[in-house]
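Take the structure below and follow one helix outward into the rest of the fold. Keep an eye on which side chains face inward.

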Amino acid sequence: MGICKIVNENYPEQRDIHNLCQYILDSEKTRYGLVGGYGLNIFNEKAIIDSFLVIQKFYLKESGRRIHHFILAFNPQECMQMSLEDIYQICQYVSEYYIRQGFQVFYGVHDEGFTKGQIHVHFGVNTVNFKDGRKLENSDNESAYFMRYLRDNTTLSWRRYFGNKEF
């Protein structure tokens, strides 16, 4: 069973985008180089940050939550049966979910414990839609819809957490 944990942080400052981007793409944590995303240059940290900021500035949405952060974690037994390609496919499905709606997204697979079945993926999503400027909803309905999408597009069952609270 996989776990989807929505990080309950506001991330209201530009430096929050920078700090989270640095953490998600940290080469010490992404040793196999599994990073990706859509709607931005994922191989350049500064370009990711700048692309988020350009969209937010263009639509005058430079306050409130500026980046959505969530984590997908895999239980050790399932993880040991998964290949890096399987994990990559799940990351691609998740990224496609957001880019189809008009939200830039990037991820980093933190694989420092891969041989022990300890692996998780951090996602960062721009909260401002590049098509129309609307903000990403962080509602129960949106979260439930996302969880259905995960279940429909992966072979795993999932549990959902908001902060430390299970839904």
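In helix α2, the buried residues are I48, I49, S51, F52, L53, I55 and Q56. Buried here means under 20% relative accessible area, exposed means over 50%, and partly exposed lies in between, with a 1.4 Å probe and protein chains only. An α-helix has 3.6 residues a turn, so residues three or four places apart point the same way. Helices are DSSP runs of H or I with at least four residues, strands are runs of E with at least two, and both are numbered from the N terminus.

The model is predicted: local features need pLDDT of at least 70, side-chain atom pairs count only at pLDDT 80 or more, and totals for chains, interfaces and linings use all residues. Residues are numbered from 1 along each chain as its sequence is written, and side-chain values use heavy atoms, with hydrogens and water left out.

Now the geometry of α2. The helix covers residues 45-58, which is 14 residues. The expected span is 1.5 Å times one less than the number of residues. That gives 20 Å, and the end C-alpha atoms are 20 Å apart, so the two agree. At the N-terminal end, N44 acts as the cap: one of its side-chain oxygens lies 3.0 Å from the backbone nitrogen of K46. Just after α2, L60 takes a positive phi of about 55 degrees.

What does α2 pack against? One partner is helix α1, residues 14-24. The angle between α1 and α2 is about 145 degrees, and their axes are 10 Å apart. Axes are lines fitted to C-alpha atoms, for helices over the stretch in contact, and angles run from 0 to 180 degrees between N-to-C directions. The crossing of α1 and α2 is right-handed; that is, the near helix is turned clockwise from the far one by less than a right angle, where anticlockwise would be left-handed. From α1, the residues Q14, I17, H18, C21 and Q22 meet E45, I48, I49, F52, L53 and Q56 of α2. Contact means heavy atoms within 4.5 Å.

L53 of α2 deserves a closer look. L53 counts as buried because its relative accessibility is 13%. Not counting residues up to four places away in sequence, L53 touches Q14, I17 and R66. L53 and N126 are 73 residues apart in sequence, yet 8.9 Å apart in space, C-alpha to C-alpha.

Move on to strand β4, residues 105-113, which holds H110. H110 counts as buried because its relative accessibility is 0%. The side chain of H110 reaches the backbone oxygen of Y23 at 3.4 Å. A polar contact is a pair of N or O atoms within 3.5 Å; within protein, one must be able to donate a hydrogen and the other to accept it, and residues adjacent in sequence count only if both atoms are side-chain atoms. Beyond four places in sequence, H110 touches Y23, I24, K29, T30, Q118, I119, H120 and H122.

D111 also sits in β4. D111 is buried, with a relative accessible area of 0%. Its side chain reaches the backbone nitrogen of Y32 at 2.9 Å. Setting aside neighbours within four places in sequence, D111 contacts K29, T30, R31, Y32, G33 and I119.

Finally, the whole chain. The protein has five helices and seven strands, in the order β-α-β-α-β-α-α-β-β-α-β-β from the N terminus. Of its 167 residues, 50% count as buried.
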